[in-house]
Amino acid sequence: MRTAYEIVKAHYDANERRDMDGMLADIAPDCRWTEMDGFPCAGTYVGPQEVFKNVFQALGDIFEGYNFKLDRLLDAGSDVIGIGDYAGTHKETGKPFKARVVHVWGVADGKIRRFEQFTDTLRVAEAMK
């Protein structure tokens, strides 16, 4: 069985390839995915389809060239921490942004069970004004 670290790394590898199916593959049906208050798609979503619709698709609708670049991936057993940067350009304002971000992942029984995002929402909000 793959480790939590390997499962989360596979998600980030799929993100880098722009492989949505790969990004969603290990998200459990009961996964609780939380985007930070103040972020454009803030809230907690359950399961891969809600995550796709309310996070990945929503961000693509709002931003041009939206992306995440992973700098470090830390192994904490069943928890994994991803540190990196978001970047993109708001479609309506034309303003670009770059924001530092930390992702906290919880993995159990070979599936992603929880995700929580911590980011500089001010940088994103400034691009949207």
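The chain I am presenting has four helices and six strands. Helices here are DSSP runs of H or I with at least four residues, strands are DSSP runs of E with at least two, and both are numbered from the N terminus. This is a predicted model, in which local features need pLDDT of at least 70 and side-chain atom pairs count only at pLDDT 80 or more, while totals for chains, interfaces and linings use all residues. Residues are numbered from 1 along each chain as its sequence is written, and side-chain values use heavy atoms, with hydrogens and water left out.

In sequence order, the pattern reads α-α-β-β-α-β-β-β-β-α.

Now the overall dimensions. The C-alpha trace spans about 45 × 25 × 25 Å along its principal axes. The radius of gyration is 14 Å, which agrees with the value near 14 Å for a compact globule of 129 residues. That radius is taken over C-alpha atoms, and the globule rule is 2.2 Å times the number of residues to the power 0.38.

Next, burial and surface. Of the 129 residues, 40% count as buried. Buried means under 20% relative accessible area, exposed means over 50%, and partly exposed is in between, with a 1.4 Å probe and protein chains only. The chain exposes about 6,800 Å², and carbon and sulfur atoms supply 51% of that area. Those areas come from the Shrake-Rupley method with a 1.4 Å probe; for residues, only the protein chains shown count as cover.

On charges, there are 17 positive and 21 negative, and their mean positions are 3 Å apart. Lys and Arg count as positive, Asp and Glu as negative, and His and the chain ends are not counted. Each charge is placed at NZ of Lys, CZ of Arg, CG of Asp or CD of Glu.

As for contacts, meaning heavy atoms within 4.5 Å, take those between residues at least 6 apart in sequence: 47% of them join residues at least 24 apart.

Let me turn to the strands. Two strands pair if DSSP finds at least two bridges between them. I will start at strand 2, residues 43-46, which runs antiparallel to strand 1 and is joined to it by four bridges. Within that pair, Glu-35 has Gly-43 as its bridge partner.

Strand 1, residues 27-35, also pairs with strand 6, residues 111-119, in the parallel sense over four bridges. Ile-27 stands opposite Ile-112 there, and Thr-34 stands opposite Glu-116.

Strand 6 in turn pairs with strand 5, residues 96-108, in the antiparallel sense over eight bridges. Glu-116 appears again here, opposite Val-104, and Ala-108 stands opposite Lys-111.

Strand 5 is also joined to strand 4, residues 79-90, by eleven bridges, and the two run antiparallel. One of the facing pairs is Gly-82 with His-103. Strands 4 and 5 form a hairpin with five residues between them, and Gly-94 in the turn has a positive phi of about 75 degrees.

Which residues lie around Ile-27? Ile-27 sits in strand 1. Ile-27 counts as buried because its relative accessibility is 3%. Leaving aside neighbours within four places in sequence, Ile-27 is in contact with Trp-33, Gly-47, Pro-48, Val-51 and Ile-112. For a sense of distance, the C-alpha atoms of Ile-27 and Thr-89 are separated by 27 Å, and the two residues are 62 apart along the chain.

Finally, two loop residues. Arg-18 is found between helix 1 (4-17) and helix 2 (20-24). Its phi is near 65 degrees, a positive value in a residue other than glycine. Is Arg-18 buried or exposed? Arg-18 has a relative accessible area of 55%, so it counts as exposed.

Asp-109 lies in the loop between strand 5 and strand 6. Those strands form a hairpin with two residues between them. Asp-109 is not a glycine, yet it has a positive phi of about 55 degrees. With 68% relative accessibility, Asp-109 counts as exposed.
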